[in-house]
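Here's an informal walk through one chain, going from its overall build down to individual side chains. Have the model open and follow along.

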Amino acid sequence: MNLKILFLIAPLLVYGDNLKELIDFATLHNNGVHAKEYIKASKTKEVASAQSAYFPTIDVGGFYKRDDAVSPFQAGNVYSGYAKVGFDIYDGGKKSSLVSQSKLSFLASDYDKKAYKKSLALQITKDFFTIKSLESLLNAREEANKSLQAQLTRVRRFYAVKMATKDDVERIQADFETNMYKMASIKFQILSLKSQLELKVGKKIETLEKSSFRKNDFSSHKLLDSTNALIAQKSAIQKGANALDSAYYPHLRVEDTYNMYQYERLDPNLVALHALPLSNQNTLLFTLNLRLFDAHNIRKTKEAVLLKAQALNEQIEYHTKEQKVQYTLAKARIKTAKTRIKSARSAVNAAQSAFESIEKKYQAGIVDYIVYLQSLTQKTDTKAQYESSLDDLEIAYAILYYYQAKVITEELE
């Protein structure tokens, strides 16, 4: 009784993954996604660091000085401790530019992370449906294998009673072995693709469940996150160039320092005159700095930085054009896939009908094995092509949604 129950529930124990589950799992466990998260976290720290530059600085320190030969009116040993508070009153806009630069760098890292996740989802989708297509082809080959096996058994019986020749047996045996070889090749392709998919997803994959996209043909698209990342990087570079300009503006800083002193081995004359050195001192200091000449060092550095921004601008224009081209091709790919499905469906029906007729004629000895094999091959190929065209349509919609800058998983049914 227990064995019967186990037999009934065994299929339920084999857990399959649909496309959404694989993409969601990869989003949480893919090493590349983790790397992008760490980069984004580092950019968050850079923003906090740039913002903290607005706060005053506080320094503490001290020194000890000992002179073996004491000068007149001096102390031999001097101990000192101090605390200093400093604040930049004006820095030429450097801090604000650096804060803006760090925020834009953070924005670029956020776009870059989103772009990577969407690209990863598209890669997983392509692998998923390519594997499904290969599995359909394998199923068609297995179905053909059953027919070839049945015919091989049949002709062997005929050969045993001298109603078929050895050539007939060997010919079917060769076709049977060829089909087995093709099946083994397909299995390796599935294994290879599944291994790559497991690497991207981050877990072992047993079976793939049926998945499909909603068939919505949108007429508009937004910029890809990868392009937005380049735009943010360009803006960050320009803000960095502005920070360099601050060197040519006045820099005004205020510092207040409080010192405490202690002395040993004082000059006796100082003690006699009650002219002891100060035990503490508070010093307020204002400093003004203005760069008058640097042989155009800062200007040339800024020009070099702005050339990098210009290079990014060229990349932005290229990626924008590329997206438009790929978006147009994605819509054309969908139309082509739909046409292929319609044609392949008709071919499957015709090939199936023809095979059933020829199989009966072959068993009756009206047609020869060559005709039978051609019909079987055509039936196998058309069925595989039909299943492949269905998977190609799913990939085509995934590519369309990707170049529309959509989240692929949100378009799954």
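What follows covers the overall shape, the long helix, the salt bridges, a surface patch and a few single residues.

**Overall build**

First things first: this is a predicted model. The chain has nine helices and six strands. Its radius of gyration is 39 Å, while the globule rule gives 22 Å for 413 residues, so the chain is more spread out than a compact globule. The box around the C-alpha atoms tells you about the proportions: roughly 140 × 55 × 40 Å along the principal axes.

How much of the chain is buried? Buried residues account for 34% of the 413 residues. The exposed area comes to about 24800 Å², and carbon and sulfur atoms supply 58% of it. As for how the chain meets itself, take the contacts between residues at least 6 apart in sequence: 85% of those join residues at least 24 apart.

**The helix α8**

Helix α8 runs over residues 297-363, so to speak a 67-residue rod to trace on screen. From its first C-alpha to its last it reaches 92 Å, close to the 99 Å expected at 1.5 Å a residue. After α8 comes Gly365, with a positive phi near 80°.

**Salt bridges**

Now for the charged pairs. Side chains of opposite charge can pair when their charged atoms come close. Across the whole structure, a search turns up 27 salt bridges. Here are three of them, with the closest N to O distance for each.

| Basic residue | Acidic residue | N to O distance |
|---|---|---|
| Lys65 | Asp67 | 3.6 Å |
| Lys200 | Asp127 | 2.6 Å |
| Lys302 | Asp245 | 2.5 Å |

Take Lys65 and Asp67 to begin with. Both ends of this bridge are partly exposed: Lys65 has a relative accessibility of 37%, and Asp67 has 29%.

The bridge between Lys200 and Asp127 has a different setting in the fold: Lys200 sits in helix α5 (residues 166-201) and Asp127 in helix α4, so the pair ties together parts 73 residues apart in sequence. Are its ends buried or exposed? Lys200 counts as buried at 18% relative accessibility, and Asp127 counts as buried at 9%.

Lys302 and Asp245 also form a salt bridge. This pair links distant parts of the chain, with Lys302 in helix α8 and Asp245 in helix α6 (residues 225-245), 57 residues apart. Asp245 is partly exposed, at 22% relative accessible area.

Some charged residues go beyond a simple pair. Asp88, Asp91, Lys95, Arg253 and Glu255 are linked in a network of salt bridges.

**Lys95, a member of that network**

Lys95 is worth a click. It is found in helix α4, which covers residues 94-160. With a relative accessible area of 14%, Lys95 falls under the 20% cut-off, so it counts as buried. Leaving out residues up to four places away in sequence, Lys95 touches Ala53, Tyr54 and Asp88. Asp88 also belongs to the salt-bridge network with Lys95.

**A nonpolar patch on the surface**

Which residues form the nonpolar patch on the surface? They are Phe87, Ile89, Tyr90, Tyr248, Tyr249, Leu284 and Phe286, and together they have about 700 Å² of accessible area. Two strands, β3 (75-90) and β6 (280-289), each supply at least two of the patch residues. Strand β3 gives the most, with three.

Phe87 is one of the patch residues, and it lies in strand β3. Its relative accessible area is 34%, which makes Phe87 partly exposed. Patch membership needs over 30%, so Phe87 at 34% clears that bar.

**Asn280, in the other patch strand**

Strand β6 also holds Asn280. This residue counts as partly exposed, at 36% relative accessibility. Setting aside residues up to four places away in sequence, Asn280 touches Tyr258, Asn259, Met260 and Tyr261. For a sense of spacing, compare Asn280 with Asp256: the two are 24 residues apart in sequence, and their C-alpha atoms are 13 Å apart in space.

Key: Residues numbered from 1 in each chain as written. Predicted model: local features only at pLDDT ≥ 70, side-chain atom pairs only at ≥ 80, totals over all residues. Heavy atoms only, no water. Patch = residues over 30% accessible without salt bridge, like charges linked within 9 Å, V, L, I, M, F, W, Y side chains within 5 Å. Areas by Shrake-Rupley, 256 points an atom, 1.4 Å probe, with all protein chains shown as cover. Salt bridge = Lys/Arg side-chain N within 4 Å of Asp/Glu carboxyl O. Helix = DSSP H or I, 4+ residues; strand = E, 2+ residues; numbered from the N terminus. Buried < 20%, exposed > 50% of the residue type's maximum accessible area, 1.4 Å probe, protein only. Rg over C-alpha atoms; globule rule 2.2 N^0.38 Å. Contact = heavy atoms within 4.5 Å. Expected span 1.5 Å × (residues − 1).
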